[in-house]
Amino acid sequence: MSSFLTLSRVMAVGFIRDKTAVFFTILFPLMFLILFGALFTSTGTSKSDVAQVGRVAVLDQMPKQAKSQIKDSLKISKTDGSLDSQLKKLRDGDRDAVVTEQDGKLTLYYSQADQVRSATVRGVMQSIVQNANIDASGKPPTFTLKPQQVEDESIQPIQYQTPGLMGWAVSMSAVFGASLTLVEWRRRKILRRLRLAPTPLASVVTARVIVSIGISLLQAAIFVGVALTAPFGLQLSGQWWLAIPLIVCGTLAFLGIGMVAGSFAKTAEGASGISNLIVLPMAFLSGSFFPLNDAPAWLRTISQIFPLKHMVDGIRDVFVRGSANFSTILPDLAILLAFAVVSTGVALKLFKWDDV
């Protein structure tokens, strides 16, 4: 026990004194959280700029209630300029659409340069015209639609960004920590000394695991603490504490992956390169930085093989969805532990005490 405690203390102190490790493990990922949180907090939906040339009865006579419903998506500006001048602005990208009316017929000019925005403008304008036709007919609509958000209205983008960036930070810390430590200890003959010392190998491995889990939990606490502050406004669900076993199991999985990388690498530069090659693509393909909802089906299928995907999804479940419970995250925990077992087994097969 004394050797285990001594090794744990030495590893923890070594991490704290390594300014580069502290920066890339905690401060570097935290910079992304602050950047994304500042960019997407309370920005709302970008309005489309629509120029109204001349008199357009449908827009001029629109009821106040209808105007309030479209003000979040369209900014309609009346202009006395000529149609040609407004179309030039549209082609130059200074307008999103131009609408005119002649003999009761509306013409909507748009550009396909931004297909998403033009589709939004067409959809909203089509809805306005349909409502105007219904009002003119004097008959009530047969069908109505009532949109209802399933989450609490207080949910902000930070709710989704925090778990993703936190999972990326944990994976990066565990993979880089394990691979670089293994390479450096082998290069400095520390592994050989530990092999000859009376300290059990189990104490060395356990100390490394405990320190890595402690660093991961510290990262999570810092991320959540920053996200909870007023500028960002993270709202945690009642089951937030279930993120702890996910972080622990995720750390074990990525420690095993880092040990595999460290077994292949001969130098610290090589270990860093292999670790980057593993973690960075995995972060993009696991939805750490942006959602994969619009990605091709085959890409979403491939993402399911990555442990980071299951850790991030599990943390989002317990952070954002209040209905999540232990049974909800149990499959994610099982997959992360399976990765830990398999990767550690491979690392043990490849493990070498010396560079020979």
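Me: Let's begin with a definition: a residue is buried under 20% relative accessible area, exposed over 50%, and partly exposed in between. In this predicted model, is Asp313 buried, partly exposed or exposed?

Reply: Asp313 sits in helix 13 (residues 307-320). Its relative accessible area is 25%. Since buried means under 20% and exposed means over 50%, Asp313 counts as partly exposed.

Me: Thanks! Which residue forms a salt bridge with Asp313?

Reply: The partner also lies in helix 13, 4 residues away, or about one turn of the helix. It is buried, with a relative accessible area of 12%. The closest N and O atoms of the pair are 3.4 Å apart, and the partner is Lys309.

Me: How many residues apart in sequence are the parts tied together by Arg95 and Asp49?

Reply: Arg95 and Asp49 form a salt bridge, with 3.2 Å between the closest N and O atoms. Arg95 counts as buried because its relative accessibility is 14%. Arg95 belongs to the loop between helix 5 and strand 3, while Asp49 belongs to strand 1, so the parts they tie together are separated in sequence by 46 residues.

Me: Which element does Asp60 reach through its salt bridge with Lys78?

Reply: The side chains of Asp60 and Lys78 meet at 3.1 Å, N to O. Asp60 is in helix 3 (residues 57-60), so the pair ties this helix to a part 18 residues away in sequence. Asp60 is partly exposed at 29%, whereas Lys78 is exposed at 63%. The element that holds Lys78 is strand 2.

Me: How many salt bridges are there by this rule?

Reply: Among them are the pairs Arg95 with Asp49, Asp60 with Lys78 and Lys309 with Asp313. Glu184, Arg187 and Arg188 are linked in a network of salt bridges. The count comes to 5.

Me: Now the sheet. Which strands stand at its edges?

Reply: The sheet is open, with 4 strands in mixed pairing and the order 2-1-3-4. Each edge strand has a single partner, so one of its sides is left without a neighbour in the sheet; these are strand 2 (74-79) and strand 4 (105-110).

Me: Which residue is the bridge partner of Val53 in strand 2?

Reply: Strand 1 (residues 48-53) runs parallel to strand 2, and the two pair over 6 bridges. In strand 2, the partner of Val53 is Thr79.

Me: What angle does helix 6 make with strand 4?

Reply: Helix 5 (residues 83-91) lies across strand 1, strand 2, strand 3 (97-102) and strand 4, and runs at about 155 degrees to strand 3. Helix 6 (residues 115-137) packs on the sheet too, touching strand 1, strand 2, strand 3 and strand 4. Its direction and that of strand 4 make an angle of about 170 degrees.

Me: Are helix 10 and helix 14 roughly parallel or roughly antiparallel?

Reply: Helix 10 (residues 243-264) and helix 14 (residues 326-350) pack with their axes 8 Å apart, at an angle of about 25 degrees. Their crossing is left-handed. The contact includes Gly250, Ala253 and Gly256 of helix 10, and Leu336, Ala340 and Ser343 of helix 14. Angles under 35 degrees count as roughly parallel, and helix 10 and helix 14 are therefore roughly parallel.

Me: One last residue: is Ser216 buried or exposed?

Reply: Ser216 lies in helix 9 (residues 201-227). Leaving aside neighbours within four places in sequence, Ser216 is in contact with Val170, Ile247 and Thr251. Its relative accessibility is 1%, so Ser216 counts as buried.

Methods: Residues are numbered from 1 along each chain as its sequence is written. This is a predicted model: local features need pLDDT of at least 70, side-chain atom pairs count only at pLDDT 80 or more; totals for chains, interfaces and linings use all residues. Side-chain values use heavy atoms; hydrogens and water are left out. Buried means under 20% relative accessible area, exposed over 50%, partly exposed in between (1.4 Å probe, protein chains only). Contact means heavy atoms within 4.5 Å. Two strands pair if DSSP finds at least two bridges between them. Axes are lines fitted to C-alpha atoms, for helices over the stretch in contact, and angles run from 0 to 180 degrees between N-to-C directions. A salt bridge is a side-chain nitrogen of Lys or Arg within 4 Å of a carboxyl oxygen of Asp or Glu. Angles under 35 degrees count as roughly parallel, over 145 as roughly antiparallel, 65 to 115 as roughly perpendicular and the rest as oblique. A crossing is left-handed if the near helix is turned anticlockwise from the far one by less than a right angle, and right-handed if clockwise.
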